[in-house]
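This report goes through a protein model from its overall make-up down to single residues. Please keep the sequence and the coordinates at hand.

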Amino acid sequence: MEQKIANDRFLALSRICLNNWHYITKRTLSFHDEINFFTGHSGSGKSTVIDAMQIVLYANTDGCGFFNKAAADDSDRSLIEYLRGMVNIGDNNEFSYLRNQNFSSTIVLELKRSDTGQCQCVGIVFDVETATNEITRRFFWHKGPMWDNGYRGGKRTMSIVEIEDYLQANYSREDYFLTSHNERFRRILYDSYLGGLDCEKFPLLFKRAIPFRMNIKLEDFVKEYICMEQDIHIEDMQESVMQYGRMRKKIKDTCAEIQSLKQIEERFQNYGDKEQQLKKSSYFVQKLEILQLQSEVRTLAQKAKLAGEDLEKPIQARSSVDEQIVELTRQSD
């Protein structure tokens, strides 16, 4: 999986909610926004979940050409079998239904933007009349994440009317949409909700990808599943892919080099800042030493002055004694 660039944004399938779909009564599955793997034994429900996704992504409820194609090319499952939960009970193709009373089913996909985390949901709700196998449907869309109630009212799945009432009561008119028309919902789904997908190429490629088995040559695979044109030169495409790979590696190496240079620049800047701080600190230390020496000089000068004053006193005293001696000598004579 290619590493996402920081400013990339896309819609990622974050969760799917299933109510009364095949043998699933209620279940919410969470997905990673990059790669997800469905694994399990045959009959464990991989195709069941994928077919539910396809119903919404194609805005197509008849299932022709895609129901259970991931498991068997000749599958003939129908929508009513999925909704009522048909199961085989014998070796003679005997079957029974898990749901034999009127019920509702919902399939809801939650899509999350990778850059902002904002969510929107697209889904479908069915009302099923078991006596006649009559199916009524509504496609719907609303802003925000999945509902905390899992689109259920108590112990049962919400009906079409209940979902319509809930949307009208909790969302403004611009924040939800309802319709029973496949084509209308598909057009809005691809143009607006999914960001502008090709309404012809996307379903075709997705339908082919679901049952894909790599049992053909690379050139045939490219012609069949990737390029719409048949007049292609696989050698030119291979060279283009190789050039793309080399350019991508060069870009990756350049980005790594830029990152290293940024780290070097940052460290050099830190070194310069530390050097400036060291110079400032040295200046202040020298300034303090000078101030300390000046203080010591003033102290010594003060002591010298005091010592000079102390020396003057004995001199004056000696002069006085000399005068006294002279006077006493005179008197003695």
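## Contacts and overall make-up

Among the contacts in the protein with a separation of 6 or more, 56% are between residues 24 or more positions apart. The model is predicted. It contains 7 helices and 10 strands. Of the 333 residues in the protein, 29% are buried.

## Helix H3 and what covers it

Helix H3 spans residues 160-170, and its buried residues are Ile160, Ile163 and Leu167. Viewed down the axis of H3, these buried residues fall within an arc of 70 degrees, so they line one face of the helix. The general rule is that an α-helix has 3.6 residues a turn, so residues three or four places apart point the same way.

On the other side of H3 are the exposed residues Gln168 and Ala169. The cover over the buried residues of H3 includes four strands: E5 (103-113), E6 (119-129), E7 (134-143) and E10 (176-179).

## Ser104 in strand E5

Strand E5, part of the cover over H3, also holds Ser104. Ser104 has a relative accessibility of 9% and therefore counts as buried, the cut-off being under 20%.

The side chain of Ser104 is joined to that of Asp127 by a polar contact of 2.6 Å. Asp127 also appears among the contacts of Ser104 beyond its neighbours within four places in sequence; the others are Asn20, Phe126, Thr157, Met158 and Ser159.

## Packing of H1 against H4

How do helices H1 and H4 pack, and at what angle? Helix H1 covers residues 46-58 and helix H4 covers residues 182-193; the angle is about 90 degrees and the axes are 8 Å apart. H1 is therefore roughly perpendicular to H4, a term that applies to angles of 65 to 115 degrees.

On the H1 side the contact is made by Val56, Leu57 and Tyr58, and on the H4 side by Arg186, Leu189 and Tyr190. Sorted by class, the contact of H1 with H4 has 5 nonpolar residues, no polar residues and 1 charged residue.

## Arg186 in helix H4

Arg186, one of the H4 residues in the contact with H1, is a charged residue by class. Is Arg186 buried or exposed? Its relative accessibility is 13%, so Arg186 counts as buried.

The side chain of Arg186 makes a polar contact of 2.6 Å with the side chain of Glu183. With neighbours within four places in sequence left aside, Arg186 is in contact with Tyr58, Ala59 and Asn60. Of these, Tyr58 is one of the H1 residues that make the contact with H4.

## Two loop residues with positive phi

Which phi value does His22 have? Phi of His22 is near 55 degrees, which is positive in a residue other than glycine. His22 is found in the loop between strand E1 (11-21) and strand E2 (24-30). At 9% relative accessibility, His22 counts as buried.

Asn133 is not a glycine either, and has a positive phi of about 60 degrees. The place of Asn133 is the loop between E6 and E7, two of the strands that help cover the buried residues of H3. Asn133 has 30% relative accessibility and so counts as partly exposed, a class that lies between the 20% limit for buried and the 50% limit for exposed.

Terms used:
Residues are numbered from 1 along each chain as its sequence is written. This is a predicted model: local features need pLDDT of at least 70, side-chain atom pairs count only at pLDDT 80 or more; totals for chains, interfaces and linings use all residues. Side-chain values use heavy atoms; hydrogens and water are left out. Buried means under 20% relative accessible area, exposed over 50%, partly exposed in between (1.4 Å probe, protein chains only). The arc is that of the directions from the helix axis to the C-beta atoms. Contact means heavy atoms within 4.5 Å. A polar contact is a pair of N or O atoms within 3.5 Å; within protein, one must be able to donate a hydrogen and the other to accept it, and residues adjacent in sequence count only if both atoms are side-chain atoms. Axes are lines fitted to C-alpha atoms, for helices over the stretch in contact, and angles run from 0 to 180 degrees between N-to-C directions. Angles under 35 degrees count as roughly parallel, over 145 as roughly antiparallel, 65 to 115 as roughly perpendicular and the rest as oblique.
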